[in-house]
Amino acid sequence: MSQETFTFELVSPERLLASGQAESVVVPGADGDFMVFSNHAPVVSTLRPGVIDVVFPEQKSARYFVKAGLVEVNGSRCTVLAQDAEDVKDLDSDRITEEISQAERLLANAGDDHDARALAERTISQLKSLV
């Protein structure tokens, strides 16, 4: 039995990373991960650093690392507007190490800014989980 699908789009300032019909999407929302299926209740959320997991029909899947952005969901569509996003399969260990170093510099410069510290720490944690 096939599952109902909905339109999924992942857009960064540089390009359209993904577009098509999806069966489910796991999104790293600001208040925690949430899963989207067809006919999902409307939601608008900011993103925190993490991985978007998309399941396309016939069990094809894709994973995208995002640092920040916005997601809008309604019953027939899930649109992610990411400030920075990359296909996980395109992230080699050198690139991940570079991104971790950049996030560590942001953490070191965050001082007393708790939001900036939390964002940098979450980015480092998520990137290390990809290694």
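How many bridges pair E3 with strand E4 (residues 32-36), and in which sense, parallel or antiparallel? Five bridges link E3 and E4, and the sense is antiparallel. The views below come from a predicted model.

**Figure 1. The whole protein, with two helices and 10 strands.**
Start at the N terminus. The elements run β-β-β-β-β-β-β-β-β-β-α-α. The radius of gyration is 15 Å, close to the 14 Å that the globule rule gives for 131 residues, so the protein is as compact as a globular protein of that length. The C-alpha trace spans about 50 × 30 × 25 Å along its principal axes. Of the 131 residues, 42% count as buried. Now take the contacts between residues at least 6 apart in sequence. Among these, 49% join residues at least 24 apart.

**Figure 2. Strand E3 (residues 24-29) and its surroundings.**
Five of the six residues of E3 are buried, so the strand is largely enclosed by the rest of the structure. A residue counts as buried when its relative accessible area is under 20%. E3 pairs with E4 and with E6, as the next two views show.

**Figure 3. The hairpin of E3 and E4.**
Two residues join E3 to E4 in this hairpin. The pairing is antiparallel and has five bridges. One pair to find is Pro28 and Asp33: Pro28 stands opposite Asp33, which lies in E4.

**Figure 4. E3 beside strand E6 (residues 50-56).**
E3 and E6 run antiparallel. Three bridges join them. Look for Val25, which has Val54 of E6 opposite. In a regular strand, side chains alternate between the two faces of the sheet.

**Figure 5. Strand E9 (residues 77-82) with strand E1 (residues 6-11).**
Here the strands run parallel. Five bridges join E1 to E9. Val11 stands opposite Leu81 in E9.

**Figure 6. Strand E8 (residues 69-74) and E9 as a hairpin.**
Between E8 and E9 lie two residues. The two strands run antiparallel, joined by six bridges. Asn74 has Arg77 of E9 as its bridge partner. E9 thus appears in two views: it is parallel to E1 and antiparallel to E8.

**Figure 7. The largest pocket, with about 200 Å³ of space.**
A probe the size of a water molecule, rolled over the atoms, shows where empty space is left. The lining of the largest pocket consists of Pro49, Lys67, Ala68, Gln102, Ala103, Leu106, Ala116, Leu119, Ala120 and Thr123. Two elements give two or more residues each: helix H1 (93-109) and helix H2 (114-129). Which of the elements gives the largest share? H2 does, with four residues. By class, the lining has seven nonpolar, two polar and one charged residues.

**Figure 8. The largest cavity, of about 50 Å³.**
The structure holds one cavity of 30 Å³ or more. Which residues line the largest cavity? They are Phe65, Lys67, Asp84, Ala85, Glu86, Leu91, Glu99 and Leu127. Four of the lining residues are nonpolar and four are charged, with no polar residues. Look again at Lys67. Lys67 lines the largest cavity, and Lys67 also lines the largest pocket.

Methods:
Residues numbered from 1 in each chain as written. Predicted model: local features only at pLDDT ≥ 70, side-chain atom pairs only at ≥ 80, totals over all residues. Heavy atoms only, no water. 1 Å grid on protein atoms, 1.4 Å probe; cavity = no way out; pocket = protein on both sides within 12 Å on 5 of 7 lines; lining within 4 Å. Points joined across faces, edges and corners; volume = space filled by probe spheres on them. Nonpolar A, V, L, I, M, F, W, Y, C, P; charged D, E, K, R; others polar. Buried < 20%, exposed > 50% of the residue type's maximum accessible area, 1.4 Å probe, protein only. Pairing = 2+ DSSP bridges. Rg over C-alpha atoms; globule rule 2.2 N^0.38 Å. Contact = heavy atoms within 4.5 Å.
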